[in-house]
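These are my notebook entries on rings, charges and empty space in one model. I set down each look-up in the order in which I made it.

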Amino acid sequence: MKHLLLVVSFFCMSETIIAQSNLAQRLFDAHDLFREKSVNVRREFKHRHLVPLIERLKTSPNFAVSEAGKSFEGRGIYQIKYGKGAPPVLLWSQMHGDEATATMALLDIFNFLNASGDGFDDLRKKLLEKSTLYFVPMLNPDGVERWQRRTAQEIDMNRDAVRLQCPESKLLKNLQQTLKPLVGFNLHDQSPRYSVGNSKEVAAISFLATAYNEERTINSVRERAMQLIVGMNRDLQKYIPNQVARYSDEFEPRAFGDNIAKWGTSLVLIESGGYKNDPEKQYLRKMNFIAILTALEAIADGTYTRQNRNDYEKIPQNEKNHFDLIIRNARTELNGVSYTVDVAINRNESNNADATGFSYRSSVEDFGDLSVFYGIEEIDAQGAQLLDPKSGKPVVLKLGDRANFELRSDKKNWKVDNGFLKN
């Protein structure tokens, strides 16, 4: 009998994995049908563009739209409700104003939930009847306006869960305390230079089941978040293989994620990182769309409970092993002494006047023996001389300097212009 129960349990687990995989593939294939076409450039999408997209949901009988509160500068912060069952789930995005990937994905999810007759009606019915979803897109609209992490008060809202000095912080805590969601999704962007463990792969998506105490205890609340992440990771591996990581679970007593977990809501953090040739994070937007919807189904039907929480710890942790560009084996000299260096360069975005665009400012981040690091872009300079493009003299490297120099050798020449490599 025990053997039979094990076989049945394995069969049920296999069926669940296959069903989730099929849903993920169907969502991947169909995403463009639901993609909010008016939003393509992260910085150009402001609160004034969000409002009409939210207002149009009021015409749907399945949505309830309300203003949950106002930002410090008086911009409306919206709550969109979908569903009438248990359990309640709360999702919020752009707590940091310059982290827009998930907001775009939530707009796509609204379009998905508002559609019909396309083969997904069973999923919509399940979410409608077996859960109640509360969405808060663009929690920090003042920060969005400036394209900055912090609020108009220059406070990092995600370090304001205890003092609650921002109206946006008070709003979020009030929602958690009144709605008492079973699960909360805290949706962010992270640096595109995080590595998947010590590998050469960049972390496209990182997850975290936040700790609620210094000891990082795993109770039923945290275990639920781990199980949900195990399922999402499995689904995304097909589309971003070996590019899913796990954020550090070091306890941060001021952060919302950690406190919301302490207050009894399973907290799933999703961080959108970097993906090759995706500067506007449109592919990562699609990954959010898939991960969130598959997780919401698992919450609605309870199938997340079949996931093995131990698989969560197998996801490699975020590491900081990447730079935008590494030049390897270049030659320079100082005081007549010639030596070989690797040079690491990052290209940092600098806002234009109205924060709808940006320019790059490069920076020399490190040099010397960088053999343990990776470049998102790399060249082997093969002993080429590192020269100042104006004087033609060897470059004296200094940390923080702009990356403007030439590389010359008998075989090949390169130019580095503000951190970008040109042949």
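**Entry 1: the second largest pocket**

Which residues line the second largest pocket? I worked on a predicted model, and I asked for this lining before anything else. The list reads Val364, Asp388, Pro389, Lys390, Val395, Val396, Leu397, Lys398, Asp401, Arg402, Asn404 and Phe405. I then looked up the volume, and the second largest pocket holds about 190 Å³ of space. Sorted by class, its lining has 6 nonpolar, 1 polar and 5 charged residues.

**Entry 2: the second largest cavity**

I next turned to enclosed space. For such a search, a probe the size of a water molecule is rolled over the atoms to show where empty space is left. Over the whole structure I found 3 cavities of 30 Å³ or more. I examined the second largest of the cavities, which has a volume of about 40 Å³. Its lining consists of Glu36, Leu53, Arg56, Leu57, Leu107, Phe110 and Asn111. By class I noted 4 nonpolar, 1 polar and 2 charged residues in this lining. Which element gives the most to the lining of this cavity? I recorded helix 3, with 3 residues.

**Entry 3: aromatic pairs of helix 3**

Phe110 of the cavity lining led me to the ring pairs. A pair of aromatic rings is described by the distance of the centres and the angle of the planes. My search of the whole structure returned 15 aromatic pairs. One of them joins Phe110 and Phe135 edge-to-face, at 5.0 Å centre to centre and 85° between the planes. Because Phe110 belongs to helix 3 (residues 101–113) and Phe135 to strand 4 (residues 132–136), this pair ties together parts that are 25 residues apart in sequence.

Are these two rings buried or exposed? With buried set at under 20% relative accessible area, Phe110 is buried at 2%, and Phe135 is buried at 0%.

I then looked up Phe112 and Phe289, which form an edge-to-face pair at 6.0 Å centre to centre, with 85° between the planes. Phe112 lies in helix 3 and Phe289 in helix 9 (residues 282–301), so here the parts tied together are 177 residues apart in sequence. I noted a relative accessibility of 0% for Phe112, which counts as buried. Phe289 also counts as buried, at 0%.

**Entry 4: a ring cluster and charges over rings**

I recorded a cluster in which ring pairs link Phe28, Tyr239, Tyr275 and Tyr283. What sits over the ring of Phe28? I found the charged end of Lys286 there, 3.8 Å from the ring centre. I noted a further case at Phe420, where the charged end of Arg347 sits over the ring at 4.3 Å from its centre.

**Entry 5: Glu99**

My last look-up concerned a charged side chain. Where is Glu99 found? I placed Glu99 in the loop between strand 3 (88–93) and helix 3. Its relative accessible area is 6%, which means that Glu99 is buried. I therefore asked which polar partners the side chain of Glu99 has, given that this residue is buried. One is the side chain of His188, in a polar contact of 2.9 Å. I also noted the backbone nitrogen of Asp189, which lies 3.1 Å from a polar atom of the Glu99 side chain.

Key: Residues are numbered from 1 along each chain as its sequence is written. This is a predicted model: local features need pLDDT of at least 70, side-chain atom pairs count only at pLDDT 80 or more; totals for chains, interfaces and linings use all residues. Side-chain values use heavy atoms; hydrogens and water are left out. Rings of Phe, Tyr and Trp (its six-membered ring) pair if their centres lie within 6.5 Å; planes under 30 degrees apart count as stacked, over 60 as edge-to-face and the rest as tilted. Helices (H or I, at least four residues) and strands (E, at least two) are DSSP runs, numbered from the N terminus. Buried means under 20% relative accessible area, exposed over 50%, partly exposed in between (1.4 Å probe, protein chains only). A charge sits over a ring if NZ of Lys or CZ of Arg is within 6 Å of the ring centre and within 35 degrees of the ring normal. On a 1 Å grid over the protein atoms alone, a cavity is a set of points where a 1.4 Å probe fits but cannot get out, and a pocket is an open set with protein on both sides within 12 Å along at least five of seven lines; lining residues have an atom within 4 Å of a point. Grid points are joined across faces, edges and corners, and a volume is the space filled by probe spheres set on the points. Ala, Val, Leu, Ile, Met, Phe, Trp, Tyr, Cys and Pro count as nonpolar, Asp, Glu, Lys and Arg as charged, and the others, Gly among them, as polar. A polar contact is a pair of N or O atoms within 3.5 Å; within protein, one must be able to donate a hydrogen and the other to accept it, and residues adjacent in sequence count only if both atoms are side-chain atoms.
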